[in-house]
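Here are some notes for a colleague who is opening this structure without having seen it before. They are arranged as numbered points, beginning with the aromatic rings.

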Amino acid sequence: MPAAGSEGEEGPAAPGGGPAGEQAGPGTPKLCGYLQKLSGKGPLRGFRTRWFVFDPRRCYLYYFKGPQEALPLGHLDIASACFSYHQPEAGAAAAGDEAAAFEVHSPNGAVAVLKAATRQDMTYWLQELQQKRWEYCNNLDAAKRDSRTSPTPSDFSKGLVAKDNPDLSILSQNASAERARNILAVETSPTDLVGEQAASQPAPVQPSAINFSLKQWSTEIKNSMSSLRKGNNENRKSVFYTTEEWELLDPTPKDLEDSMALEEKRKHLAEGSKGLTSSAFPFDFGRIPHKTRRPLKDMIGSSKNRNSSDSSPTEWYSGNGNKLVSELQLKCQSQQEELEKLKKDLSSQKELVRLLQQTVRSSQYDKYFASRLCEGVPKDKLELLHQKDDQILGLNNQLEKLNLEKDSLQQEVKNLKCKVGELNEQLGMLMETIQAKDEVIMKLSRQLSECEDNTSSQSGAVNSSMATCTNKELQELDRLKDNLQGYKTQNKFLNKEILELSALRRNAEAREREWQAKYTSLEAKLCQIESKYLILLQEMKTPVCSEEQSPAREVITQLLEDALKAETSEQPEQAFFKPHLVSEYDIYGFQTVPEDDDEEKLVAKSRALDLRSLSLSENREISAGVKWENYLASTMNREMMRSVELKNLIRSGIPHEHRSKMWKWCVNLHVKKFKDSTVPGYFQTLLQNALEKQNPASKQIELDLLRTLPNNKHYSSPTSEGIQKLRNVLLAFSWRNPDIGYCQGLNRLVAIALLYLEQEDAFWCLVTIVEVFMPRDYYTKTLLGSQVDQRVFKDLMSEKLPRLHAHFEQYKVDYTLITFNWFLVVFVDSVVSDILFKIWDSFLYEGPKVIFRFALALFKYKEEEILKLQDSMSIFKYLRYFTRTILDARKLTGIAFGDLNPFPLRQIRNRRTYHLEKVRLELTELEAIREDFLRERETCVEKRDLISDDEEDS
């Protein structure tokens with residue numbers, strides 16, 4: 001029975017996890033697993049196993065070819081879908097084939113047919129999909145569907161971002177609808193083929209869609225071929241067909257060898273007969289003798305054991321066919337008799353010719369000896385010689401007669417063999433006929449005995465039939481009870497579906513009214529702004545002759561006030577959700593709009609609106625989060641390892657909810673050798689020592705804590721949670737690495753790491769950056785490594801961006817004054833937060849080469865704008881803020897990892913080594929100059945009041 005009010009939808013069913021509209025948190029199981037989707041056309045249409053993943057951000061069910069795939073084959077929009085399934089009939093339920101199939105209907109009329117492994121899985125899928133749709137459609141509107149506005153706190157288990165509270169208000173639930181839904185809910189639990197653990201299970205094997213149809217064709221072909229095969233005794237042995245399944249098997253090697261041997265015998269037989277036929281039949285039945293002959297008794301016995309109650313005997317030859325065969329046999333026999341007579345005449349004529357030739361040879365022989373030996377030879381010897389000749393002739397004649405007799409006997413033997421073959425063939429056909437008649441007789445006998453038994457035991461049959469009917473009625477009753485329970489479950493599901501769809505329809509209508517009101521308000525506001533702009537343009541066009549204040553000034557002031565005015569909740573367009581299009585803080589805790597300067601405030605708000613626009617356009621495409629969830633599900637049964645696929649995913653950006661896990665994995669990947677050599681509680685031990693003992697770096701750390709990220713709410717006040725964590729990590733690191741202790745810049749690195757990592761993980765992240773990624777002396781007092789990297793970056797600029805480098809050289813602009821801070825703190829406070837965290841994703845996975853890539857990419861992004869500037873002051877002023885105007889992270893990533901290739905790390909290392917020697921030489925020269933200055937100051941009285949920069953700092 002189809003679901004009432006359901007509409008069709010075509011699309012693949014996908015598993016979803018966790019409550020709809022929320023991200024699957026650590027304690028919420030993700031809805032994913034294997035299902036079979038009906039797809040294909042014609043003979044190829046059938047169910048194919050697919051891996052399904054539910055995306056709660058967009059309420060989509062994505063389906064993939066397998067758990068390891070990154071790109072989905074398609075998706076279903078569950079938010080606008082409805083579900084139904086059919087209660088299986090008795091036969092279908094017994095077969096279990098369609099018992100677990102259900103349908104997903106879309107508003108456009110398309111229907112996606114999905115099948116679970118069991119009815120339990122099907123019920124679980126339907127309940128979960130209903131729940132996801134209900135929560136998504138009931139609790140979310142357009143603002144909440146954007147995950148950028150406010151992430152769900154259950155997404156993260158670590159870091160300061162995880163503790164943010166959502167600023168969205170949830171719509172109040174309908175209590176009666178919730179009660180009805182709970183009453184109609186069916187409690188089910190999934191099997192191993194549902195959930196993240198299913199990724200480690202092998203995909204269930206489904207029967208091929210093409211096998212069933214081909215089986216029907218092959219059956220027809222077998223039935224047709226069996227009546228056409230000639231010369232095979234096994235096929236001609238059965239005159240009657242039964243309802244058994246016949247299979248068309250390939251011949252075995254032994255059968256092939258036997259057929260070859262029989263063919264050779266037939267050839268030899270034909271050569272020996274010299275044209276004589278060996279059978280009176282026109283067909284070739286007798287030329288292939290039987291391999292084995294069973295006795296007639298055995299054949300009759302086997303025929304009795306055969307179940308022929310349902311068989312319908314069908315003879316090969318009908319009456320007309322037998323008559324035609326007999327006429328052909330008669331004609332062939334008469335022709336063969338005439339041929340035999342002609343052959344006998346021919347043989348007699350040959351014999352006569354042979355005798356005449358022999359007589360001629362003997363007469364010539366006598367004449368020869370008579371002429372040669374008569375003279376001078378005694379008469380008695382001559383007579384003796386004649387006698388010997390006569391004996392030789394007699395023996396030759398006798399030998400020839402014997403040869404003739406032998407030929408005739410051989411011919412008789414061949415004829416007898418041919419007759420034996422004919423008789424054997426006739427015997428086989430008679431045996432088959434007898435066997436068929438025996439089967440008919442047995443069938444008639446059984447029918448006769450059944451009739452006699454029915455007439456003799458009519459009274460006993462009534463009792464047995466009543467018992468049989470009772471058993472059948474009980475079985476039918478059990479079947480009806482099962483069907484009743486199934487229909488009850490189906491009825492509860494469909495009633496719940498109708499209830500939810502009705503409630504969702506009412507909510508959609510209310511949302512539509514809200515959106516209509518919002519649209520009307522925005523349209524009115526747009527008309528007012530356009531009117532003011534037209535007035536402003538008119539006033540700007542009109543020249544102002546007097547010194548009085550122009551009306552345009554008032555219009556501009558009013559427009560600025562409207563743009564910066566905080567929107568109130570009483571406005572109709574904001575009645576449905578709390579957050580504005582531009583929130584006070586972004587998802588990372590950074591302040592989006594400054595509080596002091598109105599001009600800066602306006603620019604910041606404009607930038608935030610641009611970022612919002614970019615995020616909305618990106619959300620129209622397939623969610624990158626689904627690719628990540630699919631990849632992480634595929635790594636459940638194996639350890640995550642470096643791979644090209646993982647590198648490409650990280651370069652495109654780690655999703656907000658997975659960044660904590662991936663950053664921790666990347667850090668552990670680089671510091672595994674350090675952590676293995678430490679004892680448990682190493683971080684706490686360092687922190688305890690730094691707090692209890694005198695630490696020279698603690699004073700500078702305290703001074704820089706509140707100056708770290710003042711525009712981030714996690715570090716904005718002394719009581720902020722991030723301040724204490726930042727202090728602990730910096731103190732522990734200063735105790736671990738006393739050569740560095742603390743350097744300005746380390747506080748910003750730790751502050752960014754703490755947004756997604758706990759204290760100990762952030763400590764190891766700092767160890768990774770300072771001790772693994774960056775060269776030695778990068779964060780020491782001399783900043784030797786940082787200076788070297790700036791010279792390497794200059795070389796890369798001249799190679800990768802020669803026009804821009806020449807432009808800077810022409811106007812003598814030292815851009816390393818700007819880029820020095822990029823390298824020191826990995827772009828913190830230099831780019832917008834979205835781009836910053838995407839850079840850090842790749843940086844923690846690939847290393848410091850990423851900094852060079854993105855530094856070059858930033859210049860290439862704005863290359864044309866910089867080339868238009870024609871004086872050093874304007875260029876340097878533009879370089880100080882241009883990175884904050886770059887908002888398109890995808891374009892910047894494409895430049896960094898695509899346009900700048902090739903980018904070998906070996907080249908950077910070689911240039912670092914080269915410039916390191918030069919910088920060290922320059923520092924040695926500077927130190928020598930300083931020592932000379934100190935000596936000269938001590939010896940010269942006039943210069944004793946002069947002090948160096950180092951002395952002034954100290």
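**Notes on the predicted model**

1. The count of aromatic pairs comes to 31, where rings of Phe, Tyr and Trp (its six-membered ring) pair if their centres lie within 6.5 Å, planes under 30 degrees apart being stacked, over 60 edge-to-face and the rest tilted. One of them is the tilted pair of Phe793 and Phe859, with 6.1 Å from centre to centre and 35° between the planes. Phe793 belongs to helix α22 (residues 784–800) and Phe859 to helix α26 (residues 849–861), so this pair ties together parts that are 66 residues apart in sequence; helices (H or I, at least four residues) and strands (E, at least two) are DSSP runs, numbered from the N terminus.

2. This is a predicted model, in which local features need pLDDT of at least 70 and side-chain atom pairs count only at pLDDT 80 or more, while totals for chains, interfaces and linings use all residues. Residues are numbered from 1 along each chain as its sequence is written, and side-chain values use heavy atoms, with hydrogens and water left out.

3. Are the two rings of that pair buried or exposed? Phe793 is buried, at a relative accessible area of 0%, and Phe859 is buried as well, at 1%; buried means under 20% relative accessible area, exposed over 50%, and partly exposed in between (1.4 Å probe, protein chains only). Phe859 also pairs with Tyr815, and because the ring centres are 5.8 Å apart with the planes at 65°, this pair is edge-to-face. Tyr815 lies in the loop between α23 (802–810) and α24 (816–825), 44 residues from Phe859 in helix α26, and the pair therefore links distant parts of the chain.

4. Tyr815 is itself buried, with a relative accessible area of 1%. Ring pairs join Phe793, Tyr815 and Phe859 into a cluster whose members also include Phe808, Trp822, Phe852 and Tyr881.

5. Charged groups also sit over rings, which requires NZ of Lys or CZ of Arg within 6 Å of the ring centre and within 35 degrees of the ring normal. The charged end of Arg642 is placed over the ring of Tyr845, 4.9 Å from its centre, and Lys891 lies over the face of Tyr861, at 4.6 Å from the ring centre.

6. Helix α16 (residues 659–676) has 18 residues, which at 1.5 Å a residue should span 26 Å, and the 24 Å between its end C-alpha atoms agrees with this; the expected span is 1.5 Å times one less than the number of residues. A kink of about 60° is nevertheless centred on His670, the bend being the angle between axes fitted to the seven residues ending there and the seven starting there. His670 is among the buried residues of α16, as are Trp663 and Trp665, and what covers these buried residues includes α14 (624–634) and α25 (833–846).

7. Strand β3 (residues 60–64) pairs with β4 in the antiparallel sense over 4 bridges, where pairing needs at least two DSSP bridges between the strands, and Leu61 stands opposite Leu76 in β4. Along β4 (residues 74–77) the side chains alternate, with Gly74 and Leu76 buried on one face, while His75 and Asp77 point to the other and are not buried.

8. Leu726, found in helix α19 (residues 721–736), is buried at 0% relative accessible area. Beyond its neighbours within four places in sequence, its contacts (heavy atoms within 4.5 Å) include Leu705, Tyr715 and Val750.
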